[in-house]
Amino acid sequence: MTDIPTMRPRPTLSGPAPWAFPAVDEHAVEGIDVAACHLPGHPLVAIQVHADIPVTVDPAGQEGLTALMANSLKEGTKRLDARAFEAAVELLGGKFATSAGHGGLHAAISAPADRIPAAVDLLTEALVEPRLHDKDILRLRSQRLDEITTEEADPDMRAGLLLRPRLWEAGDRRSIPSEGSRETVAGLEPDAARQVHAAHLRRGGTTLVAVGDLEKLDVDALAAGVARALPDDDRSRTPADAAKPTGGRRAVVFHRPGAVQTALRIGRVGPGRDTPDWPALMVAMHTLGGTLTSRLDAVLREEKGWTYGVRSRRSPVRGASVITHLSGSVQSEVTVDAVETAWQIIRELAAGGPTEEEVRETVAYLAGVQPLTYETPRAVAGAIASCLADDLPLGHVGTEIAALRKVTMSDAAAVARDHLHVDDAVLVAVGDAEMIGTALEGRVGDVEVIGA
Amino acid sequence: MTIPIVEHTLDNGLRVVVSEDHIAPIVAVNVWYDVGSRHEQPGLTGLAHLFEHLMFEGSANVGSIEHFSLLQEVGASLNGTTWFDRTNYFETVPVHAFELALWLEADRMGTLLAALTQESLDNQRDVVKNERRQSYDNQPYGTSWENLFEMLYPEGHPYHHLPIGSMADLDAASLDDCRAFFSTHYAPDNAVLGIAGDVTPDGAIEAVERYFGVIPPGPGAPDAPDGTIGPLDEEVRRVLDEEVPNEAVYQQYRCDPEGTPGADAAQVALHVLAGGSASRLHQRLVRDEELAISLDGGHQGTVGGTGPGVLVVHARSGASLDAIEAIIDEELEALGIDGPGDEEVARAKASLERSWLEHTDAVMGRADELCRHATLFGDAERINTELDRLHAVTGEAVQDIAARHLVPTNRAVLRYEVAA
């Protein structure tokens, strides 16, 4: 063996440099809200316009309508056809995107600062004067159906699709993806898409977010341009729908004959990001499955080698959240062992909470990683957008980090007990049912097997 | 915008490239080892990538997964990746933890063999096999790239196989193979250390000297086999009847390697054809004919004598792959005969420039590019002429590449067909 050199001892570290989430300047311009955040030295500026068209406005049975309309905004304007519009965006060095969620409709463009006024003009044109031709809307509808086929064929995405309707009551919009399901998308009509645009797009409840090197930009002038283009209607923001979680513990197995891995999800409905529990929940969930050193990966990956890695996630959905205790794939042959092991690890955490050491390390990580997370304008704009989506003050990230730093072991234990228990958790397994179906019976509640 | 660069080489051969930037109190540390799957021996495919996993399992002074836990505790983001041409390890850290990052990288560069055990090898072999199952074998279209590289390059060519390797070779990898791999390739004179962020070049280089200076140089790593290869003279075609949601066609063309005017022209040509929704193929296949859900095009970025140009089209349900391929061929031919329009070239350049700005805006993107240019082209300063090379691409060059390289005889075509 080669000689091993003697290395220097591990360095002792000083404390971290002070850092704060960038200041967000919030004010109103001509009836819309403006949030501006100056981040000098970055080449691209991120602009977002959030319109108050949440997916909860979709009529029952037409879930996915708002998202289809949002997607159709990329298909050209009354002045420019789709190709000419996209070419104009690209020539500016820009990128244009739209999406729809529980927080509203979101149109974003980013470009080098000197081209932002022209880029915002294009965004405004797409948002306010979209073409919305039948042919394009119908094509996007069919494409969406093909995309659903693609999602269903992906074991991990299939697991996500199966989890959702088992977490929420059928009447809760959260039970169906924002983009709609196969059943609801098939019936969406162009007239209805145009109607949802006409009925809801307005000044009231609209926010323009600008993040980047704003030194040479007149953000208020940009906002005024957007505001004046919007219908003069000051109806305020649509409130969040009450969450209707389902109850009871259960399991579903989706049969994929011969699958070499089983995609797993374990989840339940959790509290909203606006609740005081949230910072401690961040800590407890990071302990469970935040990274490779988490309780789940330490056993399932690093000790057993059963998986490439699993993760825990908390995903806010305006007024509530989805707590995913576990998301990931395990080797088929060990599925039942992996589920039982994971279940045990989750129960232990829910019962006892994280250790003092885990709380200290996790808080240090979650607080310490902030300056990295919010390095670029795109990331800061994303953080502001997520606050908007959850009805939080736009500087909430700073408040949240401050609260996070104060999380104690007993806070984390209380939250783990209240929110990470598995009494009403849903287990989804997408894999070879012959290998896992019956073996799960009686261990994790009732087991529903699909497709066997 | 010029990216400031200071370079230094340690006595043991470690090349250090530092880019100072005080925008945020963070620093990116990136180590590129000049070893990827193209350096692997027959029967040992996947070894470079398996080894990447072992680099996180501890070294003389760092316990198993302590690399992760120590860095996480300071709020770092970190990982490693393996590609055809190189393996890299990187972390962005709050600046007070800069020396911790250097210490951890130095410890595993200098002393990994002190901690490498059969147990860690067996465990990470299982993890990698599960990575393979997850990303390739249990995923619709998951084996597309494996097929395409196998089809485009002959047995024995350095790009014939992917970094993930085969299950059989992963099973066969022994502790001695791993030790030999480390001793050959993981040496300071076979690595580049890129640093970007809130440090001064003098201070950073002094710290690098302190932590890495003691590591002896390696025996001299062998170059990868020469991958230089001319165009194909006949199309290679394969049809897979795997279970997939929608039919798809994947094409790879033998183009010039990254870092040549031919590759730059191919990148622009493929953007004109399939980059974004203003591209020719998007207009025809997605909008006009409604045959495709999505498409993509680009250059794979390999440097070893050849670089594949890629076109991927996922079909709408019920659409004919023959009709899709006929339209692709029409557009390829038209680009070769008439060349692109001026606006198309301008659009492609603006879009590719934007991607570059986005990538290098974050300190990690910058550190990665410093390493890429230093490792693969021997010149870190090349980072500052990247956009000049892009803007030097002419419509004539795009037309020429389309006519010579983006032709049916010079490609591998993989089709996924759904049984009726």
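Two residues count as in contact here if their C-beta atoms, placed from the backbone, lie within 7 Å. Before we use that, some housekeeping: this is a predicted model, where local features need pLDDT of at least 70, side-chain atom pairs count only at pLDDT 80 or more, and totals for chains, interfaces and linings use all residues. Residues are numbered from 1 along each chain as its sequence is written, while chains are lettered from A and ligands numbered from 1 in the order in which they are written.

Let's start inside chain B. Its domain assignment (bounds from an automatic or database assignment) gives domain 1 (6-212) and domain 2 (236-416). Their C-alpha centres sit 28 Å apart, and 33 residues of domain 1 of chain B are in contact with 27 residues of domain 2 of chain B. On the domain 1 side, β3(B) gives the most, with 6 residues. That side divides into 18 nonpolar, 8 polar and 7 charged residues, with Ala, Val, Leu, Ile, Met, Phe, Trp, Tyr, Cys and Pro counted as nonpolar, Asp, Glu, Lys and Arg as charged, and the others, Gly among them, as polar.

Now zoom out to chain B as a whole. You'll find 15 helices and 11 strands in chain B; these are DSSP runs (helices H or I, at least four residues; strands E, at least two), numbered from the N terminus. The C-alpha trace of chain B spans about 60 × 50 × 35 Å along its principal axes.

Finally, the partner chain: 62 residues of chain A are in contact with 69 residues of chain B. α4(A) gives the most to chain A's side, with 9 residues.
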